[in-house]
Amino acid sequence: MTISDCGKIDPTLRSASSCHCKSFGFLHLDDSDCFVRRNMKRSYDGYASASYASPQLKRTSNSYGDSSCPEDDSTRKARKVADHYSARSNQTLEEREASPIIHLKKLNNWIKSVLIQRYARRGDAVLDLACGKGGDLIKWDKAQIGYYVGIDIAEGSIRDCRTRYNGDADQQPRRKKFSFPARLICADCYETSLNEYLSDDAPFDICSCQFAMHYSWSTEARARRALANVSALLRPGGYFIGTMPDANVIIKKLREAEGLTFGNSVYWISFDEEYALKKFKSSSPFGIQYKFHLEDAVDCPEWIVPFNHFKSLAEEYDLKLVSVKNSHAFVDEFLKMPEFAELMRRLGALGDGNLDRSTLSQDEWDVAYLYLTFVLQKGGESTARNRKNNNLHKGKMYISEEDIEILDGNI
Ligand SMILES: C[S@@+](CC[C@H](N)C(=O)[O-])C[C@H]1O[C@@H](n2cnc3c(N)ncnc32)[C@H](O)[C@@H]1O
């Protein structure tokens, strides 16, 4: 299958190199202070879970953020997001294959794999912000990285990530062990000063934040903390790669909708009455909340990330934009490359081009359009990749329950 046109899918791999998908502009705020309709994210491998706080987990009192203060509105909302993801249970392989968005999950896995293969190098030290249940561990292993630190606010997800890292997950009983040492932390990445906490492990060569950066955009302080963490922990020349909702597309769809809710058979997005005019002030780019529901994956509040604001805020933290692409344009571009077309065939998002006729539905493809990929690079003279002696960092090849670090007060 390939894209014959923006928004339409062509379920044959053959025409992969002949499609003409348009690329999309960034979200703009126009002079009249509202988003311009110009040219205009999840492969949350819905695995594992089950787990809540364990008395054995190592809790570190949080002197790294502000969360010892009474819980404010943004912390409460972050907790709501954490509770949602913590409660999502691990699926068996059969349940996963029966998911109404199985091809979308596979497509998102392909997108993340392409990003990782293009930017990760053998031996790299990787910081995975909002790592979830470790759905990207295999991808990092294929890239032969040297060290991995995964952080997520949802304790249930981090515990499932541990299970998967140790090779105990039901989904992959015969998997060989991962070849890199790892460290797993439960913390709010957008509240905590990770640079102090991870100073022994820094600098990282790659920071990845997949389908999660938008959870930082509830307040300016959180968005700044997120970018400050990334910037402080990356080496000069290191890359920040990620995927998040494409605000251009969401706002366009909102404006085309009759009311404040739109969607299809697998998702819906709903804005509150306060956005009835469908106008957004460029002077207040943070805290624009909507409710997102994606069958078998997500059901929680999210925040619009106006990309031009994201780009300029990142620049303040010495992170320069290398590339941004809507997922449709991303698929169009990289599916033309034989190695990535082959990967797509193996992952099966579009069927295997052979016996397997199942493929992404139009409704799933419409969900893919809601997301973009981004790549930023830390400024400064590029330094050598981080090849720290394994003894110098805190990673382990087997992570026990007690090894999971919990930064208290964050969630
Ligand atoms: C859609 S899932 C993506 C998980 C993983 N990155 C992936 O691609 O499979 C979003 C993740 O963001 C995490 N998250 C949300 N807010 C967070 C925060 N403030 N700090 C750390 N993780 C957060 C959630 O717990 C969840 O695991």
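**Group meeting talk: an open sheet, a buried helix and a ligand shell**

Hi everyone, let's start with the sheet: four strands make up an open sheet, ordered β11-β12-β13-β14, and the pairing is antiparallel. The edges belong to β11 (261-263) and β14, each of which has a single partner strand, so one side of each is left without a neighbour in the sheet. On average, and ignoring direction, neighbouring strands of this sheet are turned by 20 degrees against each other. Please keep in mind that this is a predicted model.

Let me walk across that sheet from one edge to the other. β11 and β12 run antiparallel and are joined by three bridges. If you have the structure open, look at glycine 263: its bridge partner in β12 is tryptophan 268. Next, β12 (residues 267-271) pairs with β13 (residues 289-294), again in the antiparallel sense, over five bridges. Tryptophan 268 turns up here too, with histidine 293 as its bridge partner in β13.

Then we come to β13 and β14 (residues 298-303), an antiparallel pair joined by six bridges. Two pairs of residues will help you find the register. Lysine 291 stands opposite proline 301 in β14, and tyrosine 290 has glutamate 302 as its bridge partner in β14. These two strands form a hairpin with three residues between them, and aspartate 296 in the turn has a positive phi of about 60 degrees. As a reminder, most residues other than glycine have a negative phi, and most peptide bonds are trans.

Now let's zoom out for a moment. The protein has 12 helices and 17 strands, and 51% of its 411 residues count as buried.

One helix is worth a stop here. How many of the 11 residues of helix α5 are buried? The count is 11 of the 11 for α5 (residues 155-165), so this helix is largely enclosed by the rest of the structure. For a computational chemist, the list may be fun to read: among the buried residues of α5 are Glu155, Arg159, Asp160, Arg162 and Arg164, alongside Ile158, Cys161 and Tyr165. What covers them includes α1, α4 (137-142) and three strands, β7 (147-152), β8 (182-186) and β17 (405-407). After α5 comes glycine 167, with a positive phi near 80 degrees.

Let's look at one of those covering helices, α1. The axes of α1 and α5 are 6 Å apart, and the two helices pack at an angle of about 40 degrees. That makes α1 oblique to α5. On the α1 side, the contact is made by Tyr85, Ser86 and Ala87, and on the α5 side by Glu155, Gly156 and Ser157. Sorted by class, this contact has two nonpolar, three polar and one charged residues.

Helix α1 also brings us to the ligand. Which helix gives the most to the shell around the ligand? That is α1 (residues 73-87), with four residues. There are 23 residues around the ligand, and those that come nearest are Ala130, Gly132, Gly135, Gln210 and Ala212. By class, the shell has 14 nonpolar, five polar and four charged residues.

Ala130 deserves a closer look. Although alanine 130 is not a glycine, its phi is positive, about 60 degrees. This residue sits in the loop between β6 (125-129) and α4. Is alanine 130 buried or exposed? With 25 other C-beta atoms within 10 Å, alanine 130 is buried.

There is a similar story at phenylalanine 211, in the loop between β9 and α7. Phenylalanine 211 is not a glycine either, yet has a positive phi of about 55 degrees. It has 23 C-beta neighbours inside 10 Å and counts as buried.

Threonine 219 is also found in the loop between β9 (204-210) and α7 (220-233). Threonine 219 is partly exposed, with 19 other C-beta atoms within 10 Å, and the cut-off for buried is 20 or more. Setting aside neighbours within four places in sequence, threonine 219 is in contact with Ser74, Phe286 and Gly287. Its C-alpha atom is separated by 9.8 Å from that of aspartate 73, which is 146 residues apart along the chain.

One last backbone detail before I hand over. The peptide bond from alanine 202 to proline 203 is cis, with omega near 0 degrees, and proline 203 has its place in the loop between α6 (194-197) and β9. Thanks, everyone!

Note on methods: Residues are numbered from 1 along each chain as its sequence is written. This is a predicted model: local features need pLDDT of at least 70, side-chain atom pairs count only at pLDDT 80 or more; totals for chains, interfaces and linings use all residues. A residue is near a molecule or strand if its C-beta atom, placed from the backbone, lies within 6 Å of it. Ala, Val, Leu, Ile, Met, Phe, Trp, Tyr, Cys and Pro count as nonpolar, Asp, Glu, Lys and Arg as charged, and the others, Gly among them, as polar. A residue is buried if 20 or more other C-beta atoms lie within 10 Å of its own, exposed if 12 or fewer, and partly exposed in between; C-beta atoms are placed from the backbone. Two residues are in contact if their C-beta atoms, placed from the backbone, lie within 7 Å. Axes are lines fitted to C-alpha atoms, for helices over the stretch in contact, and angles run from 0 to 180 degrees between N-to-C directions. Angles under 35 degrees count as roughly parallel, over 145 as roughly antiparallel, 65 to 115 as roughly perpendicular and the rest as oblique. Two strands pair if DSSP finds at least two bridges between them.
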